[in-house]
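Reader: I should like to learn how the features of a protein model are read. May we look at one together?
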Amino acid sequence: MKRMKVKRTIVANIFKPNVMKIMIMGLIWESTVGIFSRGERTEFEASSDLECGSVDWSHYFANADNLGYSQINHKRISLELWKLTSQKLIESFPLDPIKENYVRQVRDCIFSAVQPEPFKSAVKLVAVSKEVVEDLLDLDVSVTETKEFIQFVSGAQILPGSVPLAHRYGGHQFGVWAGQLGDGRAHLLGAYINRHGTRWELQLKGSGKTPYSRDGDGRAVLRSSIREFLCSEALNYLGIPTSRAASLVVSNDNVKRDQFYNGSVKNEKGAVVLRVAKSWFRFGSLEILAHSGETELLRTLVDFIIKQYFPFINATNSNRYLDFFSQVVTDTSYLIAHWMSVGFAHGVCNTDNFSVLSVTLDYGPFGFMDFYDPNFVPNTSDDEGRYKIGNQANVGRYNLDKLRKALTPLLDSNQQLSAEQILQDYPDLYHIKFMELFKAKLGLFGRDKNDDYLIKYLLKLMEDTRADFTMTFRQLSEITQQQLEAHSIPEEYWALQDIARHTKFFPWVNLYLSRLNKNIVDSDEARRTRMQSINPRYILRNWMAESAIKKAEGNDFSEVHLLQKILCYPFNKQTEAEEAGYSSHPPPWARELRVSCSS
């Protein structure tokens with residue numbers, strides 16, 4: 001099997017057990033530059049005027065669907081003509097033979113058939129993604145105003161062709177094998193193949209107990225559901241592969257939660273998000289089968305995944321499992337690097353939360369950095385900082401190693417050695433892509449031997465001054481080269497003023513300007529336009545989400561709707577966003593915010 005050879009650079013040893021602090025800190029800058037190029041694409045391309053829903057992953061990922069167009073070219077105006085199907089999954093895998101819905105250890109299957117639990121109180125539809133509903137699911141947005149739609153997305157009505165399924169999987173959580181996990185509060189309703197021939201799987205989250213609920217109640221609360229709805233859509237418009245959110249409903253049913261695990265149990269409102277993804281299989285889907293010794297079922301699952309989602313892999317080749325693993329290694333490095341490029345920390349990078357299609361899944365205590373800090377930990381439940389933002393690349397490698405071990409029963413001895421070699425390429429793939437992305441963020445063309453140093457230098461200045469991560473890059477995209485040459489930072493560029501307090505900032509500016517002058521056939525206006533198209537002005541900061549949540553808990557969803565609208569165009573300056581302070585210094589109270597695993 002042929003693999004691209006990559007040059008090992010300064011990250012060659014970053015995954016040895018005793019990692020030096022400076023290398024750990026280096027992970028954050030080594031994470032973000034160039035994730036989406038595969039040889040033929042040497043620059044990350046983005047457009048500031050992308051319309052919502054127009055991101056085409058096929059440009060970035062080789063496993064994107066390319067099935068052509070069907071003859072159906074109109075949007076459905078009723079659910080009566082709109083069909084889901086669970087047939088492919090049910091025909092491909094044995095189902096849990098036990099039909100009763102109670103918590104138990106499950107074996108020899110991939111799914112359990114189980115019905116969602118409708119809320120006892122009335123439900124209210126509070127948010128809809130028009131783009132998901134119309135562009136992915138072929139439904140006219142007017143359908144969302146019907147009683148049938150609300151019943152469907154809350155789990156109260158099952159459509160013809162749908163057999164709700166709960167997925168069995170396991171996982172390593174915080175570095176420890178947790179055994180059987182599974183969909184403890186989610187129901188896979190089935191798949192929809194849209195007018196473009198693309199297959200999307202629809203899943204309810206927060207829809208009741210399943211055999212995998214363990215000690216949980218099968219519910220999700222409003223605060224976490226708002227965060228998932230907004231962030232999955234926000235990442236999509238930042239150009240990052242992710243599951244999507246079609247709708248959000250809230251009920252008056254009480255859900256008890258101890259948010260910070262301190263004994264303070266409170267009643268919260270239950271909510272359900274309708275999530276959409278091409279697949280919900282994750283690393284833990286394979287791990288549970290390998291750990292349980294279900295080798296033939298493991299083979300069946302991996303063969304299904306390859307045939308369904310990796311059509312460019314020869315499904316009859318004896319090295320197909322190596323080819324699959326190689327692709328997942330590459331795509332995972334791409335995904336994490338792109339997280340880093342926007343300062344996004346997932347918060348719970350367990351193997352059960354890592355998609356085999358390398359899309360962002362399972363939004364829990366995530367967070368976008370405000371000020372630059374490699375030790376940023378969004379999850380207050382993560383006492384040891386395992387999933388701090390500067391360690392995400394390390395964790396990605398750890399998770400891929402667990403995937404490798406899960407594949408081991410399907411590999412002969414020589415293939416097992418090849419899989420180890422494939423994984424050894426991960427740091428280099430990650431670093432190359434990281435550098436490519438960050439060079440693009442700084443508007444740099446071509447290659448220069450000092451580019452690594454230029455980027456590290458800037459990030460060290462940002463760390464020393466606690467400069468805002470997002471706005472530092474954005475304001476470098478907006479300030480003119482003439483202003484930089486004059487060492488003049490206007491007041492509106494508050495993030496640059498913060499970093500300019502550092503005595504070495506203007507020496508860095510001089511190096512940066514010198515490097516910009518090496519760009520061939522480039523103007524300052526072109527540079528700024530290019531940089532503004534990939535450096536967002538707006539991200540879903542924790543304080544923004546918290547403000548929307550507090551209002552929503554009082555039945556005011558206006559800020560949820562505002563954020564949804566703003567985050568659809570994160571690269572465009574918007575009057576409403578400016579008035580709301582979304583590109584200003586975060587308020588002082590933002591530093592006190594805490595987000596936990598409780599949801």
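Reader: Is D362 buried or exposed?

Author: This is a predicted model, and in it D362 has a relative accessibility of 13%. Residues under 20% count as buried, so D362 is buried.

Reader: What is notable about the phi of D362?

Author: Most residues other than glycine have a negative phi. D362 is not a glycine, yet its phi is positive, at about 60°. The residue is found in the loop between β11 (344–345) and β12 (367–368).

Reader: Which phi does R214 take, and where does R214 lie?

Author: R214 is not a glycine either, and its phi is positive, at about 50°. R214 lies in the loop between β7 (199–205) and β8 (220–221). With a relative accessibility of 46%, R214 counts as partly exposed.

Reader: How do β6 and β7 pair?

Author: Their pairing is antiparallel and runs over seven bridges. A186 stands opposite K205 in β7. The two strands form a hairpin with five residues between them, and in that turn G197 has a positive phi of about 85°. Strand β6 (residues 186–193) is mostly covered, since seven of its eight residues are buried.

Reader: Let us turn to helices. What general idea should guide me?

Author: An α-helix has 3.6 residues a turn, so residues three or four places apart point the same way. In this structure, helix α11 covers residues 426–441, which makes 16 residues. From its first C-alpha to its last it reaches 23 Å, close to the 22 Å expected at 1.5 Å a residue. Just after α11, G443 takes a positive phi of about 75°.

Reader: Why is α11 described as largely enclosed by the rest of the structure?

Author: The description rests on burial: 15 of the 16 residues of α11 are buried, so the helix is largely enclosed by the rest of the structure.

Reader: Which side chains are joined to that of E478 by polar contacts?

Author: One contact, of 2.9 Å, joins the side chains of E478 and R474. Another, of 2.7 Å, joins the side chains of E478 and R537. E478 is found in helix α13 (residues 469–478), and at 14% relative accessibility E478 counts as buried. Leaving aside neighbours within four places in sequence, E478 is in contact with Y493, R528, Q532 and R537.

Reader: How many disulfides does a search of the whole structure find?

Author: A disulfide is a covalent bond between the sulfur atoms of two cysteines. The search of the whole structure finds zero disulfides. As for individual cysteines, C231 is buried at 0% relative accessibility, and C349 is buried at 1%.

Reader: How should I read a pair of aromatic rings?

Author: Such a pair is described by the distance of the centres and the angle of the planes. A search of the whole structure finds 31 aromatic pairs. In one of them, F93 and F111 are 6.3 Å apart centre to centre, with 55° between the planes, and the pair is tilted. F93 lies in the loop between α2 (87–92) and β1 (111–113), and F111 in strand β1, so the pair ties together parts that are 18 residues apart in sequence. Both F93 and F111 are buried.

Reader: Which residues form one aromatic cluster?

Author: The cluster is formed by F283, W339, F344, F354, Y363, F366 and F368.

Terms used. Residues are numbered from 1 along each chain as its sequence is written. This is a predicted model: local features need pLDDT of at least 70, side-chain atom pairs count only at pLDDT 80 or more; totals for chains, interfaces and linings use all residues. Side-chain values use heavy atoms; hydrogens and water are left out. Helices (H or I, at least four residues) and strands (E, at least two) are DSSP runs, numbered from the N terminus. The expected span of a helix is 1.5 Å times one less than its number of residues. Buried means under 20% relative accessible area, exposed over 50%, partly exposed in between (1.4 Å probe, protein chains only). Two strands pair if DSSP finds at least two bridges between them. A polar contact is a pair of N or O atoms within 3.5 Å; within protein, one must be able to donate a hydrogen and the other to accept it, and residues adjacent in sequence count only if both atoms are side-chain atoms. Contact means heavy atoms within 4.5 Å. A disulfide is a pair of cysteine sulfur atoms within 2.5 Å. Rings of Phe, Tyr and Trp (its six-membered ring) pair if their centres lie within 6.5 Å; planes under 30 degrees apart count as stacked, over 60 as edge-to-face and the rest as tilted.
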